[in-house]
Amino acid sequence: MKSEIHKYQKTIKNSMSKKGLFIIAMAVSLFSCQKAVEVKEVKTAYVDTSELMKEYTEAKDLEAKYKAQSEEKGRQLEAEINRFKQDAANFQSQAQANGQEWAQKRGAELQKREQQLGYAQQALAQQLQQESGAEMDTLVTGVKKFIKAYGKKNGYTYIYGTGDVASILYAEDKLDITKDIIKALNDKYKATDKKEEKAEKEETKK
């Protein structure tokens, strides 16, 4: 009887041991499969940010806008500078005829005008820089949000950026999605522009 019980206990023990090994083997197998799946699902790409900003229509429009403003305001200032140059040239010939007292007074006036024109040039440059910088910061923030949404939508695990400040030392050409991003951004900007144009027309009709 004791021999039978011992034999039965040994059979259960062996069975449990085999069962335990089977469970461990299954767990290892599942973990390996899961690991393989995770590695397989990693999808990466990169964007050349310098090329993106060169070809993005909104960025080009913004650059053109401030270039036009700079030229327009610069022309106004240039006209004043030319008048000053003419007055300064005339001063040389008039100084001898009008005497020392006139020359000192006129010279001080010209010097003051020269300083004012210098300040005006600096103020104009700073104004345009601040305004364009603020708009460009907003644009860059929008581009980053767009790329993030694009990455989620298209199943990317990582999208790297490269350009003037490179964060990628090497990548295969097939991972470059710069053109895709440029096209998607330009399509979105074009659609937004058309909506605004349509809204303006409807507002004009009213």
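**How many aromatic pairs does the structure hold?** The structure holds four of them. Rings of Phe, Tyr and Trp (its six-membered ring) pair if their centres lie within 6.5 Å; planes under 30 degrees apart count as stacked, over 60 as edge-to-face and the rest as tilted.

Before the exercises, some ground rules. This is a predicted model, where local features need pLDDT of at least 70, side-chain atom pairs count only at pLDDT 80 or more, and totals for chains, interfaces and linings use all residues. Residues are numbered from 1 along each chain as its sequence is written, and side-chain values use heavy atoms, with hydrogens and water left out.

**Exercise 1. Lay out the elements of the chain and its overall totals.**

Step 1: Count the elements. The chain has four helices and two strands; helices (H or I, at least four residues) and strands (E, at least two) are DSSP runs, numbered from the N terminus.

Step 2: Put them in order. Starting at the N terminus, the elements run α-β-α-α-β-α.

Step 3: Check burial. Of the 206 residues in the chain, 17% are buried. Buried means under 20% relative accessible area, exposed over 50%, partly exposed in between (1.4 Å probe, protein chains only).

Step 4: Add the surface. The accessible surface of the chain is about 16,700 Å², and carbon and sulfur atoms account for 53% of it. Accessible areas come from the Shrake-Rupley method with a 1.4 Å probe; for residues, only the protein chains shown count as cover.

Step 5: Look at contacts, meaning heavy atoms within 4.5 Å. Among the contacts with a separation of 6 or more, 81% are between residues 24 or more positions apart.

**Exercise 2. Decide where the model deserves caution, using pLDDT.**

Step 1: Recall the scale. pLDDT is the predictor's confidence in each residue, from 0 to 100.

Step 2: Take the average. The chain has a mean pLDDT of 79, and 73% of its residues reach 70 or more.

Step 3: Find the extremes. Confidence is lowest in helix α1 (residues 2–41), with a mean of 50, and highest in α2, at 91.

Step 4: Pick out the weak stretches. Over residues 18–24 pLDDT stays under 50, and the model has zero contacts beyond four places in sequence for them. Residues 35–39 also stay under 50, again with zero contacts beyond four places in sequence.

**Exercise 3. Work through the aromatic residues, beginning with the pair of Y56 and Y189.**

Step 1: Classify the pair. Y56 and Y189 are edge-to-face, with 6.3 Å centre to centre and 75 degrees between the planes.

Step 2: Place both partners. Y56 sits in the loop between α2 (49–55) and α3 (57–153) and Y189 in helix α4 (residues 178–205), so the pair ties together parts that are 133 residues apart in sequence. Y56 is buried, at 5% relative accessibility.

Step 3: Turn to Y158 and Y160. Their ring centres are 5.8 Å apart and their planes lie at 20 degrees, so this pair is stacked. Y158 is partly exposed at 45%, and Y160 is partly exposed at 38%.

Step 4: Find the cluster and its charged neighbour. F146, Y150 and Y156 form one aromatic cluster. K43 lies over the face of Y156, at 4.4 Å from the ring centre; a charge sits over a ring if NZ of Lys or CZ of Arg is within 6 Å of the ring centre and within 35 degrees of the ring normal.

**Exercise 4. Which residues have the most contacts inside the largest nonpolar core?**

Step 1: Define the core. A nonpolar core is a set of buried Ala, Val, Leu, Ile, Met, Phe, Trp, Tyr and Cys residues joined through side-chain atoms within 4.5 Å.

Step 2: Name the residues. The largest core has 28 residues, and those with the most contacts inside it are L52, Y56, V143, I177, I181 and L185.

Step 3: Trace the contributors. β1 (44–48), α3 and α4 each give two or more residues to this core, and the largest share, 18 residues, comes from α3.

Step 4: Zoom in on L52. Leaving out residues up to four places away in sequence, L52 touches V47, V143, I147, T178, I181, I182 and L185.

**Exercise 5. Describe the surroundings of E131 and D176.**

Step 1: E131 is in helix α3 and is partly exposed, at 31% relative accessibility. Beyond four places in sequence, E131 touches Y66 and Q69.

Step 2: D176 is in the loop between β2 (158–162) and α4. The C-alpha atoms of D176 and V47 are separated by 6.0 Å, although these residues are 129 residues apart along the chain.
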